[in-house]
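Welcome! Below are some exercises to work through at your own pace, each followed by a solution in steps. Have the structure open beside you as you read.

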Protein chains: 2
Amino acid sequence: MSHQDGDQELGITESKAHNTGEWYAELVQKAGLADYAPMGGFIVTRPRGYAIWERIQDHLDGWFKDTGVRNAYFPLFIPESYLEREKDVVEGFDPEVAWVTHGGYEELEERLAVRPTSESIIAPYMAQWTRSHRDLPLRLNQWCSVVRWEATETKPFFRTKEFLWQEGHTAHADREGAWEETMMRLDQYERVYEEVMAMPALTGRKPPHDKFPGAHTTTTIEALMPDGKTVQGATSHYLGTSFAEAFDITYADADETEHPAHTTSWGISWRAMGALIMTHSDDQGLVLPPALAPEQVVIVPIWQEETKADVLEYAEGVAEDLEAAGHRVHLDDRENRNPGFKYNEWELKGVPLRIEIGPNEVEDGEITLVHRPDGESATAGRDAVGETVQEHLDAVFATLYASAEATLEGEIREAESREEILGTIGQHGGYVKAGWCGDAACEEPIKDAIAAEIVMVPLDRDEAPIHEDCAICGEPAEETAYFAKSY
Amino acid sequence: MSHQDGDQELGITESKAHNTGEWYAELVQKAGLADYAPMGGFIVTRPRGYAIWERIQDHLDGWFKDTGVRNAYFPLFIPESYLEREKDVVEGFDPEVAWVTHGGYEELEERLAVRPTSESIIAPYMAQWTRSHRDLPLRLNQWCSVVRWEATETKPFFRTKEFLWQEGHTAHADREGAWEETMMRLDQYERVYEEVMAMPALTGRKPPHDKFPGAHTTTTIEALMPDGKTVQGATSHYLGTSFAEAFDITYADADETEHPAHTTSWGISWRAMGALIMTHSDDQGLVLPPALAPEQVVIVPIWQEETKADVLEYAEGVAEDLEAAGHRVHLDDRENRNPGFKYNEWELKGVPLRIEIGPNEVEDGEITLVHRPDGESATAGRDAVGETVQEHLDAVFATLYASAEATLEGEIREAESREEILGTIGQHGGYVKAGWCGDAACEEPIKDAIAAEIVMVPLDRDEAPIHEDCAICGEPAEETAYFAKSY
């Protein structure tokens, strides 16, 4: 785990099926995504890792801006008294805050929190900028890093003391506007999971006892990991008027009457990257969907001395055509590595599509294409190579999506009793749907026994529960609870 | 200066010519670019300000990537012992470091610095990732915020304890590669000033006594502000092998012999935005070059009740055509504001081009265009409006550039004696070129008398000095020194 390690074995040695945690840690390092920092709980995001995050950002940032969001930047530090003010509304972040106490040689008069989240520094400005109904909706977002001093084991992108994220904060004139906003951001998160990351996911509400403190409703994206645990992939909160009332975010309507605004907040962190890596990758290394791969296609030329010039010229032509068609392509023409070595290296690094070009391909005017996820290979004509590659990249996406979808569908089960919940999750992992009375106490025996919890309930509050009775206490069920172990 | 201020006067009340500092502070707030944070030295970057920074980023980030740079992300915190290690090479940042001492309720075993710059956390990883000459050049960059606890007065974007910047760090096999890198980044900074920000600038070297500590050569972009002071607009450092030797960044060449790498670092901060705002803006408010303006064109329709429908329909058509042509356009069809109010507001906010559309324009199939910087107006036909607007945006850019260029050219003077340097800068500000022996002591009497200093010397070390003798001590001159007061 030390970043001082020198020459490591190139390939992955751990098994995804048998040692998911160790496999993940090895993969992240060997695929060049991240290294461990000298301080426990922190990581260094290497270029191949950061490039994935940048592409996730690009997709979301474009959608946010298309739907009225404007980026801003608020200070890294929050005065302690500002955090205290937020305590009226939300649980304190005190146990998790990193504190700045000195500036240069001087002790500060007031400690400064390194932002664990920015509600308490953003809300006072939202109050200042919101005067009239014409100022609404006010939609702010910032991409930044936050620090939460959690004492758990480091897992790159899943659990780190500092992490990168985006936090959106909006104010609206009424409940309807704020609720639409909450659902629009949830939809955009679901879209980035499904359409960009090739990950089908569930959407739902957090049970009342697990909402963001102060929120009226916390909606969530839940993604199933291959070890049967769920990841909270992003959240979007409808905050009602509680924050607006605490921070005086009020507006004058057309009749000059003052009202509190209805606010929302929503965020996605680089944990989404962790979920992406864990979902698709395998014992050969990283697997990425085409939209997020730093290189979408690698061309590996295969030559002998006498065929080298022809093969390379042909390969360069293919590379140029692919670039012109807008694909991200890399021609691996290294002299000091043989094709087999190159195959392994690019499989480790997660390039979705490999094109092999040898003397046969040159002679026949063809290319050989190999899909990273399943090794499926095909031969195609040299002409219209840009379109051919697009079709194969689409096929790679479809393979990834279908595989994740099949897994998810098979991992949603039902149970009618406490014993059945425990047994089903214990044996299979995944989600177990059960009738639930709505009392947090009914989660306790599941939590205590197998550390599973209610990770969501259906978005629609009017949806009839799956069973008439609560699987735990036998009282009438109010909702369908999704039990699962969680990251 | 409080962010609690409520209804302010809309327009700028200070004069750029007479109270540059107060004018700037008022402008930044009233144009909606930034507000003051509750902690002294920190600011809140509002959406209109952040959008300018995003566009500067986009230009540079694209050029960086086109020339082999890959973005990464290193931790926000640096252990104190790592900073100490860097002290072998560079002056300590100790007096300016914000220290994290507590995580949650626990005191940390080792204090963590909030990054003031990242050499000391990046270099050890560059050492780890550099094994063979095939790993070079290694080019890393990160966009992030840094904290330097300076006790000076806050000036948004110019002087803040936290600021946004980009820091590039590269390693190369030899001096030539690293020097080319240094100059390429300097060229890219010059290009963003000249081609994007419409600001002609000087490029040069910092005098040896003012280099980045540990650097072999510090190159700089210097931009002249309207108050006659210069701003160091970006720097690019050739670090030689000193950092590589301190941090063991070595590589094996083709013969397996180990060599220290030659490294560079280079950065530009949001101070560039400050310089941009200060250069072009005026007593009516913000002035922006088209490439950086959140809206490039505002359409103000002018109607009476009986002409309203026609005017609005026509204006909407123009807006659609401009959007389709790729321009960022806003149609200000607010009912509760008259055209004069709208003109003033958009002038304050720095929209480069205004299009006025009234019944006459509708009848004649025309539009009226007004340039923000100089109020120049023209009438043009409704057809091909996208091209017409592009021509006018280009004209606005040319006006801004020509004005800044004329100012700069008139503000580079020569002097042959200490008295002449003092008198010329004292009377006119700007740059004064003078012969210099190369001894830092000869800067002292100028610094002591009028707080001006040697802000640069020519890039070309072989360039003959402007005069034979040092203007201060009379010894033979080695170089031409550019004296100026500096931000």
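## Exercise 1: The core

The largest nonpolar core holds 194 residues, and those with the most contacts inside it are A:F77, A:V114, A:F157, B:F77, B:V114 and B:F157. Before starting, note that this is a predicted model, in which local features need pLDDT of at least 70 and side-chain atom pairs count only at pLDDT 80 or more, while totals for chains, interfaces and linings use all residues. Residues are numbered from 1 along each chain as its sequence is written, chains are lettered from A and ligands numbered from 1 in the order in which they are written, and side-chain values use heavy atoms, with hydrogens and water left out.

Task: find which residues A:V114 is in contact with, leaving aside its neighbours within four places in sequence.

Solution.
- Step 1. Recall the terms: a nonpolar core is a set of buried Ala, Val, Leu, Ile, Met, Phe, Trp, Tyr and Cys residues joined through side-chain atoms within 4.5 Å. Buried means under 20% relative accessible area, exposed over 50%, and partly exposed in between (1.4 Å probe, protein chains only).
- Step 2. Look for contacts, meaning heavy atoms within 4.5 Å. In chain A, the partners of A:V114 are A:L76, A:F77, A:A98, A:V100 and A:V147.
- Step 3. Cross to chain B, where A:V114 also contacts B:L76, B:F77 and B:V100.
- Step 4. Add the background: in soluble globular proteins, nonpolar side chains tend to be buried together.

## Exercise 2: Two copies

Task: work out what rotation superposes chain A on chain B.

Solution.
- Step 1. Superpose the copies by least squares on the C-alpha atoms of residues with pLDDT of at least 70 in both. The result is a rotation of 180 degrees with 0.0 Å of shift along its axis (RMSD 0.0 Å).
- Step 2. The two copies are therefore related as by a two-fold rotation axis.
- Step 3. To locate the axis, go to A:V100, whose C-alpha is 2.1 Å from it, the closest approach of any residue in chain A.

## Exercise 3: The interface

Task: describe how many residues each chain brings to the contact and how much area is buried.

Solution.
- Step 1. Chain A supplies 59 residues and chain B supplies 58 residues.
- Step 2. The chains bury about 5000 Å² between them, 61% of it on carbon and sulfur atoms. Buried area here is the accessible area (1.4 Å probe) that two parts lose on being put together, summed over both.
- Step 3. On the chain A side, A:P47, A:Y73 and A:Y125 lose the most area to chain B, together 13% of what that side buries.
- Step 4. Since 98% of the interface residues of chain A are also interface residues in chain B, the copies meet through the same surface.
- Step 5. Count the salt bridges, each a side-chain nitrogen of Lys or Arg within 4 Å of a carboxyl oxygen of Asp or Glu. There are 2 between the chains, and A:K65 forms a salt bridge with B:E54 (3.1 Å, N to O).

## Exercise 4: Salt bridges within a chain

Task: for each pair below, decide whether the residues are buried or partly exposed.

Solution.
- Step 1. A:R354 pairs with A:E347 at 3.1 Å, N to O. A:R354 is buried at 11% relative accessibility, whereas A:E347 is partly exposed at 22%.
- Step 2. B:K65 and B:D61 come to 2.8 Å between their closest N and O atoms. B:K65 is partly exposed at 37%, and B:D61 is buried at 14%.
- Step 3. B:K65 and B:D61 lie 4 residues apart in helix α2 (residues 47-66) of chain B, so about one helical turn separates them. Helices (H or I, at least four residues) and strands (E, at least two) are DSSP runs, numbered from the N terminus.
- Step 4. B:K447 and B:E443 form a salt bridge at 3.5 Å, N to O. B:K447 is partly exposed at 35%, while B:E443 is buried at 2%.
- Step 5. Finish with the wider view: the whole structure has 44 salt bridges over all chains, and A:D332, A:R334, A:K342, A:E345 and A:K349 are linked in a network of them.
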